[in-house]
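Thanks for sharing this one with me. Here are my notes, set out as numbered points for you to read beside the model.

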Amino acid sequence: MSSPSTSEKIKMLKDIVGPENVVDSKPALLIYARDASPMSGKVPIAVVRPGSTEEVQRIVEWANETKTPLYPRSGGTSLWGAVPLVEGSVVVDLAKMNRLVRIEERNLTCVVEPSITFGELEALLAKRGFRIIMSPENGMGATVGGNFASHGTGWGAGPNFSNQGDCVVGCKVVLPTGEVLTTGTMANPNAHGHFYRYAFGNDLTGLFCGSEGTLGIITELALKIEEMPGALGFTTFGYDSLEAVGEAIYRVRRLRIPTIYAYISTGWTLDMLFPEKAPWQHTIKFVVEASTKEILDIEMRRLMEAAGKEGNYLGPQMAEETWRERYRWVGLFGYKLGMRAALPIHVPIGEVGPYLKKVEEMAREIKDKYGLRVGAGGFACDRSCVIIVVVYFDPSNKRETELALRAWHEIKGKLFDAGACPYRMGALWADHMPKLGAYYDLLKRLKKVLDPNNIMAPGIMGL
Ligand SMILES: Cc1cc2nc3c(=O)[nH]c(=O)nc-3n(C[C@H](O)[C@H](O)[C@H](O)COP(=O)(O)OP(=O)(O)OC[C@H]3O[C@@H](n4cnc5c(N)ncnc54)[C@H](O)[C@@H]3O)c2cc1C
């Protein structure tokens with residue numbers, strides 16, 4: 001059969017999901033060539049919005065028949081170039097699959113469709129006295145599926161949890177060849193729901209955590225839920241040096257103080273964002289969670305001692321306000337200095353000070369070389385700390401945008417060479433995948449076996 005034309009392909013998609021669920025107008029398609037990063041991809045030929053696993057399955061089968069590349073998308077808020085990388089692709093926009101399917105109360109799990117946002121899910125669970133464990137800082141726009149598929153982290157990261165993957169016990173995935181796979185306990189259709197991830201040999205849930213759309217389309221996830229916390233404590237400390245920041249973060253983690261957020265703002269970044277209050281010290285805002293007020297009081301005393309050793313106590317207010325605005329606060333100040341080319345990386349929890357010093361040095365170099373401002377912050381995350389390096393620029397200025405992209409890639413290379421690990425890969429870090437040797441080779445082999453026609457997100461992660 002000769003390959004169908006673009007208009008024939010669009011007609012076939014309309015037959016699968018209904019014409020109202022296929023977008024092919026040029027201005028609308030342009031949006032799907034972008035995410036929240038400065039990268040742009042190829043404009044897709046269409047966007048398709050399935051409403052069920054069965055429709056996703058038919059789309060994937062159709063893509064194999066017509067050899068059309070597919071790029072899954074949920075909230076579209078990624079910061080690392082989760083965009084179509086080849087011509088002639090179709091974006092599978094999962095926005096319609098955004099339901100809380102059920103709460104399995106006796107399993108302490110809930111089952112959701114991929115495009116439910118963290119904000120929506122939290123509101124629904126709160127009505128039953130439950131909450132999820134981890135959510136990103138943009139929880140009103142970010143979805144559970146997109147966060148798991150790119151192993152996100154954020155609020156909730158601390159000594160017990162580092163990653164959205166830690167919070168997922170199973171998932172349903174339409175594989176690149178169209179079969180539907182359920183992982184975790186529900187691989188056994190007779191199981192009493194989703195309650196354990198590591199059943200039946202290899203951890204196949206883990207195969208899809210961080211797969212960034214390259215190995216299939218996730219259509220359901222089972223997440224751990226917990227009772228609402230009994231008590232929350234807030235405090236902020238200021239520090240004179242980045243070494244002292246690093247020591248405080250390490251000490252608090254080593255003592256297993258139950259932080260659900262320990263956020264570092266570097267002084268030089270605060271000086272740029274809020275010059276009216278400069279000069280700033282470096283700060284760490286701590287949010288601590290405990291099951292009762294009595295336990296919280298003990299943990300807060302331990303925190304004051306551990307974090308206060310070289311720090312100045314700045315009171316509870318800043319941390320409490322951040323918590324209250326937790327899904328808006330990056331948006332409230334993050335874009336004050338223009339568009340952001342962000343680079344989140346993981347560094348060891350015991351080496352935060354030296355890495356921040358390196359970033360400070362790079363920020364100085366970029367300022368001298370390109371005249372651009374570079375900020376940095378970060379948060380503790382079990383045995384690592386996420387450091388977020390941000391190049392600010394004016395996207396309406398072509399020259400400045402070019403320089404910012406150059407600076408972004410330059411910093412990226414230096415951080416990788418210094419041993420930092422990317423938060424996720426996307427298109428941004430694809431050029432570094434070959435440096436991973438056998439690891440990359442195995443991923444490529446797995447991809448080939450699972451996706452012989454290379455239908456799913458070709459080019460992402462260098463696959
Ligand atoms: C201001 C701001 C703050 C942020 N803060 C955080 C933070 O604190 N923590 C954090 O982790 N991230 C953060 N991010 C990055 C990003 O927003 C989140 O990771 C978010 O969860 C991604 O979800 P999304 O729904 O937007 O995914 P998308 O951007 O739509 O997708 C992300 C990746 O997952 C794939 N994907 C999406 N859905 C599926 C699916 N159903 N099946 C298979 N693959 C799929 C996509 O192909 C893509 O590769 C932030 C971004 C911004 C702009």
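1. In what order do the four strands of the open sheet lie? The order is β1-β2-β4-β3, and the pairing is mixed. At the edges sit β1 (22–23) and β3, each of which pairs on one side only. Do keep in mind that this is a predicted model.

2. Inside that sheet, have a look at β2 (residues 46–48) and β4 (residues 90–93): these strands run parallel to one another and are joined over three bridges. If you want a place to start, Ala-46 stands opposite Val-90 in β4.

3. Now to the ligand, which is surrounded by 35 residues. The closest are Gly-75, Pro-136, Gly-146, Gly-152 and Gly-213. Two or more residues of the shell come from each of β3 (70–73), α5 (144–149), β10 (217–224) and α11 (329–333). Helix α5 gives the largest share, four residues. So β3 is worth a second look, since this strand is an edge of the open sheet and also contributes to the ligand shell.

4. As for the chemistry of the shell, it divides into 17 polar, 14 nonpolar and four charged residues.

5. Stepping back to the protein as a whole, its secondary structure amounts to 14 helices and 19 strands. The C-alpha trace spans about 70 × 55 × 40 Å along its principal axes. The radius of gyration is 22 Å, which agrees with the value near 23 Å for a compact globule of 463 residues.

6. Finally, 49% of the 463 residues count as buried. Among contacts with a separation of 6 or more, 71% link residues 24 or more positions apart.

Definitions and conventions. Residues are numbered from 1 along each chain as its sequence is written. This is a predicted model: local features need pLDDT of at least 70, side-chain atom pairs count only at pLDDT 80 or more; totals for chains, interfaces and linings use all residues. A residue is near a molecule or strand if its C-beta atom, placed from the backbone, lies within 6 Å of it. Ala, Val, Leu, Ile, Met, Phe, Trp, Tyr, Cys and Pro count as nonpolar, Asp, Glu, Lys and Arg as charged, and the others, Gly among them, as polar. Two strands pair if DSSP finds at least two bridges between them. The radius of gyration is taken over C-alpha atoms; the globule rule is 2.2 Å times the number of residues to the power 0.38. A residue is buried if 20 or more other C-beta atoms lie within 10 Å of its own, exposed if 12 or fewer, and partly exposed in between; C-beta atoms are placed from the backbone. Two residues are in contact if their C-beta atoms, placed from the backbone, lie within 7 Å.
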